[in-house]
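Trainee: I should like to request a close look at a single part of this model, namely its sheet, together with what packs against it. Please also consider individual residues in the surrounding elements.

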Amino acid sequence: MNGDKAEYVLKLYISGCTENSAKAVNNLKLLLDENVKDKYALEIIDVLKNPQLAEHDKVFATPTVVKVLPPPVKKVMGNLSKEKKVLAGLGLHTKTPEIET
């Protein structure tokens with residue numbers, strides 16, 4: 001998705017092609033697709049290739065996801081497997097629950 005039109009802009013910092021990095025990428029993409037659909041832009045940054053970007057965002061451990069927009073900036077570390085904690089930590093609006101009739 002184009003970052004200019006995204007409601008949420010996120011960066012996921014990983015360290016190379018490790019199992020933990022792959023889990024974090026998959027977990028985050030599933031979480032975003034289920035909860036904010038096509039309202040987000042996600043940039044995946046390998047700190048082994050771009051350490052200056054991690055330094056700029058003050059990321060000292062990986063994997064770490066940073067919600068850049070909308071403010072305030074929020075960060076969550078780990079493999080991002082606990083959906084409710086990740087959503088709360090990033091301050092993301094979740095999908096509307098279905099109402100039984």
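Mentor: What follows describes the sheet, then the helices beside it, and then three residues in turn.

The model is a predicted one. Its sheet is open and holds four strands in the order β2-β1-β3-β4, with mixed pairing. Strands β2 (40-46) and β4 (74-77) form the edges, each pairing on one side only. From one strand to the next, the twist averages 20 degrees. Strand β1, which spans residues 8-14, runs antiparallel to β3 and is joined to it by five bridges. Within this arrangement, valine 9 has leucine 69 of β3 standing opposite.

Helix α1 packs on the sheet and touches β1, β2 and β3, and its direction makes about 175 degrees with that of β2. Helix α3, residues 83-90, lies across β1, β3 and β4 and runs at about 155 degrees to β4.

Consider next threonine 64, which belongs to strand β3, residues 64-69. Threonine 64 counts as buried because its relative accessibility is 2%, where the cut-off is under 20%. A polar atom of the threonine 64 side chain lies 2.6 Å from the backbone oxygen of alanine 61. Leaving aside residues up to four places away in sequence, threonine 64 touches Lys11, Leu12, Tyr13, Val59, Lys75, Val76 and Met77.

Two asparagines belong to helix α1. Asparagine 35 lies in this helix, which covers residues 19-35, and asparagine 20 lies in α1 as well. Asparagine 35 has a relative accessibility of 7% and therefore counts as buried, whereas asparagine 20, with a relative accessible area of 36%, is partly exposed.

The side chain of asparagine 35 is joined to that of glutamate 83 by a polar contact of 3.0 Å. Asparagine 35 is also 8.3 Å from leucine 92, C-alpha to C-alpha, although 57 residues separate the two in sequence.

For asparagine 20, the C-alpha atom is separated by 8.3 Å from that of glycine 78, a residue 58 positions apart along the chain. Not counting residues up to four places away in sequence, asparagine 20 touches Pro63 and Asn79.

To draw the picture together, threonine 64 is a buried residue of strand β3, and β3 is among the strands touched by α1. Within α1, asparagine 35 is buried and asparagine 20 partly exposed.

Conventions: Residues numbered from 1 in each chain as written. Predicted model: local features only at pLDDT ≥ 70, side-chain atom pairs only at ≥ 80, totals over all residues. Heavy atoms only, no water. Helix = DSSP H or I, 4+ residues; strand = E, 2+ residues; numbered from the N terminus. Buried < 20%, exposed > 50% of the residue type's maximum accessible area, 1.4 Å probe, protein only. Polar contact = N/O pair within 3.5 Å; in protein donor to acceptor, adjacent residues only side chain to side chain. Contact = heavy atoms within 4.5 Å. Pairing = 2+ DSSP bridges. Axes fitted to C-alpha atoms, helices over the stretch in contact; angles between N-to-C directions.
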